Amino acid sequence: MLETILYQLFTGVFRASYYWLIASGLTLIFGVTRVVNFAHATFFVLGGYVALTVYELTNNFIATVLISALVVSLVAVLSETSLLRPLYRIESIYQLLMTFALTLIINDLSKFIWGAESRSIPLPKELSTIVSVGTRPFPLFYFLVIGLSIASLFLLYYLIEKTFWGLKVRATWRDIFVAESLRINTRRIFTATFFIGSLLAGFGGATMVAFTPVAPGLGDSLIITAFIIVVIAGLGNLFGAFVSSLMIGMLESLLVLYIPEVDILLIFVIMTAVLLVRPWGIFGER
Amino acid sequence: MGFTGDRFIIYLASLFMIFSVFATSYNIVFGYLKHVSFGHSLFYAAGAYGVALLTTKLVPDMMLGILSGIALATLLAVAVGALTLRHSSIYFAMLTLAFAMLFYSLLLKWRNFTGGSDGISGIPRSSFLFTLSSIENYYPLLFVFFLASMILLNWVDVSRFGLLLKALGDNEDRFKFTGLSVYRYKLSGFMVSGFFSGLAGSLYALLLRAVTPDIAYWTTAAEPLIMTLLGGAQYFLGPSVGAFIFVIITTLTARVAEYWQLFMGVVLVALLLGARGGVLDLVERLWGRKF
């Protein structure tokens, strides 16, 4: 009984890693650019699709993941500079709508290029080796994903808190007008933020296809979960997003086991409750 | 659905009328109050499911069904509005999204009551005095509702109430100097919007004679937004023009290819980059005179 719970919790941590890979970029982008990137989960799914093709070409898992992540972030950067930049000086709702338009376009283009059926890539043998947690078997792959997610958290933390470039990002985050008056190139910071955020998302999607097939429409539901995670934590809060991802990931895993009918509902109730009582998030500041 | 020729045109026209009411009522919150709501699919679906539930489980009378649909939608509008309108725009948008998705998951999960993902079908189009089984017969009634709604909505638009709502959206701080309650006016506007969105949903349910949970999904909530942007939010007829274009485009592209999302996305991009005032704004600029 306890073991089943622990097993579910561990699976939950695995899920949470994927949520984190999406939520991190989402909250980072919002924090710096104040854009709510509706298309972020679409980037994640795009990573999965690109991985399908890259794997066919290279047959190498590592190369696939790295290249796919890069491709996705390039797409994101291209979109940001061509579509979002013209809208920065007007109300943020238009940027949100633009990211929504981007989702529509990428969704259908994905369907067009890769077809509508679900597809996946095989897991490389080395990563399929079973490691036991207690008496339950888990593929090494799980640990890799979890490990990389934690690593990304620390990498992001280091990048933003300990580097000079990170200082510029934080300045932009705090007050964009002052940052600009200090001759910080906020346009470039925006683009770089999109790059980093989408890199993580694309990376997540690319690794995901090794154990779950990718299908169109996956992004539509993922973005909602990602929103919930980010909003509960507080928009723009990285550590909060990590904790929140863990919470939601584990909660979902447990609920799936015990009360499956309630899962989506409960999560929405939580988000609604948080928004009503503490709209700046559990970890956010007013 | 087996539609051919004339019946199909009637179907499209019906869709147009329903969307027109939906989008115009949406514009009360979006254009007048300048709040972006992603939750209007909630009211639309409430109207639809209200009709469906009443007519299939209690009284198979479509007029009563419409009444219950509107009642449910308006009630929800008051509840949701009370909870969300005190928050700033971004949280308002996300909260409305959350509520819409909450309703969606409720509809999806409560199989016994709402039919789950299969929804409810077999909605009767009959009342005490008449039965409108064919779509050609339903059309006149639909038209009457459409006309009445548009007249009422236009009345709101030109009334003092409408003017105050627009003033509120324009500059909330300045509105406070009038001494009127910001919150109460926002809530009233939201309620009116929910009322007509619910009506649109009810009429939609009667058109299709079936409802499924996906009309509550957030992507449905984006449709009146796109229509309003398409036509122009600053005009009363903007959302209707947008609804017209939307119906044409989605039908055309759905018949040519399944990639209507792509087309919609591209249209949206073009609008956002080049014509934020919508089609009517473009027309006005080209025509050189004011509407």
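**Exercise 1. Which residues does B:Tyr26 touch, not counting residues up to four places away in sequence, and is B:Tyr26 buried or exposed?**

Solution.
1. In this predicted model, the residues touched by B:Tyr26 are B:His40, B:Ser193, B:Ser197, B:Pro224, B:Leu225, B:Thr228 and B:Pro239, once residues up to four places away in sequence are not counted.
2. B:Tyr26 itself belongs to helix H1 (residues 5-32) of chain B.
3. A residue is buried if 20 or more other C-beta atoms lie within 10 Å of its own. B:Tyr26 has 28 other C-beta atoms within 10 Å, so B:Tyr26 is buried.
4. A distance in space can be set beside a separation in sequence: B:Tyr26 and B:Phe196 are 170 residues apart along the chain, with 8.5 Å between their C-alpha atoms.

**Exercise 2. Find the contacts and the burial of A:Phe43, then do the same for A:Phe14.**

Solution.
1. A:Phe43 is part of helix H2 of chain A, and A:Phe14 is part of helix H1 of chain A.
2. A:Phe43 has 31 C-beta neighbours inside 10 Å and therefore counts as buried.
3. A:Phe14 has 21 C-beta neighbours inside 10 Å and therefore also counts as buried.
4. Without neighbours within four places in sequence, the contacts of A:Phe43 are A:Val72, A:Ala76, A:Ser198, A:Ala201 and A:Gly202.
5. On the same terms, the contacts of A:Phe14 are A:Tyr142, A:Val145 and A:Ile146.
6. For A:Phe43 and A:Val71, 28 residues apart along the chain, the C-alpha separation is 10.0 Å. For A:Phe14 and A:Val256, 242 residues apart along the chain, the C-alpha separation is 14 Å.

**Exercise 3. How many residues does the largest nonpolar core have, and which have the most contacts inside it?**

Solution.
1. The largest nonpolar core has 186 residues.
2. The residues with the most contacts inside this core are A:Ile22, A:Ala226 and B:Ala100.
3. Take B:Ala100: neighbours within four places in sequence aside, B:Ala100 is in contact with B:Phe38, B:Gly39, B:Ser41, B:Leu42, B:Ala216, B:Trp218 and B:Ala221.

**Exercise 4. Describe the side of chain A that touches chain B by count, element and class.**

Solution.
1. Count: 29 residues of chain A are in contact with 26 residues of chain B.
2. Elements: on the chain A side, two or more residues come from each of helix H4 (92-114), helix H10 (218-233) and helix H12 (263-277). H4(A) gives the most, with twelve residues.
3. Class: this side of chain A divides into 24 nonpolar, two polar and three charged residues.

**Exercise 5. At what angle do helices H1 and H11 of chain A pack, and how far apart are their axes?**

Solution.
1. Helix H1 (residues 2-33) and helix H11 (residues 238-258) of chain A pack at an angle of about 140 degrees. Their axes are 7 Å apart.
2. The crossing of H1(A) and H11(A) is right-handed.
3. The contact of H1(A) with H11(A) is made by 15 nonpolar, eight polar and two charged residues.

**Exercise 6. Compare the annotated transmembrane regions of chain A with the modelled secondary structure.**

Solution.
1. The unreviewed UniProt entry annotates "transmembrane region" at residues 61-81, 93-114, 140-160, 189-211, 223-243 and 255-277 of chain A.
2. Residues 93-114 of chain A are 100% helix and 0% strand, and the end C-alpha atoms lie 31 Å apart.
3. Residues 189-211 of chain A are 87% helix and 0% strand, and the end C-alpha atoms lie 34 Å apart.

**Exercise 7. Where do A:Asn59 and B:Arg209 lie, and is each buried or exposed?**

Solution.
1. Most residues other than glycine have a negative phi.
2. A:Asn59 has a positive phi, near 60 degrees. B:Arg209 has a positive phi of about 60 degrees.
3. A:Asn59 is in the loop between helix H2 (40-58) and helix H3 (61-84) of chain A. B:Arg209 is in the loop between helix H9 (182-208) and strand E2 (210-211) of chain B.
4. A:Asn59 has 12 C-beta neighbours inside 10 Å and so counts as exposed. B:Arg209 has 20 other C-beta atoms within 10 Å and so is buried.

**Exercise 8. Is A:Ile90 buried or exposed, and where is A:Ile90 found?**

Solution.
1. A:Ile90 is in the loop between H3 and H4 of chain A.
2. A:Ile90 counts as exposed because it has 11 C-beta neighbours inside 10 Å.
3. A:Ile90 and A:Gly236 are 146 residues apart in sequence, and their C-alpha atoms are 21 Å apart in space.

How values were computed
Residues are numbered from 1 along each chain as its sequence is written. Chains are lettered from A and ligands numbered from 1 in the order in which they are written. This is a predicted model: local features need pLDDT of at least 70, side-chain atom pairs count only at pLDDT 80 or more; totals for chains, interfaces and linings use all residues. A nonpolar core is a set of buried Ala, Val, Leu, Ile, Met, Phe, Trp, Tyr and Cys residues joined through C-beta atoms within 7 Å. Two residues are in contact if their C-beta atoms, placed from the backbone, lie within 7 Å. Helices (H or I, at least four residues) and strands (E, at least two) are DSSP runs, numbered from the N terminus. Ala, Val, Leu, Ile, Met, Phe, Trp, Tyr, Cys and Pro count as nonpolar, Asp, Glu, Lys and Arg as charged, and the others, Gly among them, as polar. UniProt positions are given in the numbering used here, feature names are shortened, and annotations may be inferred rather than shown by experiment. Axes are lines fitted to C-alpha atoms, for helices over the stretch in contact, and angles run from 0 to 180 degrees between N-to-C directions. A crossing is left-handed if the near helix is turned anticlockwise from the far one by less than a right angle, and right-handed if clockwise.
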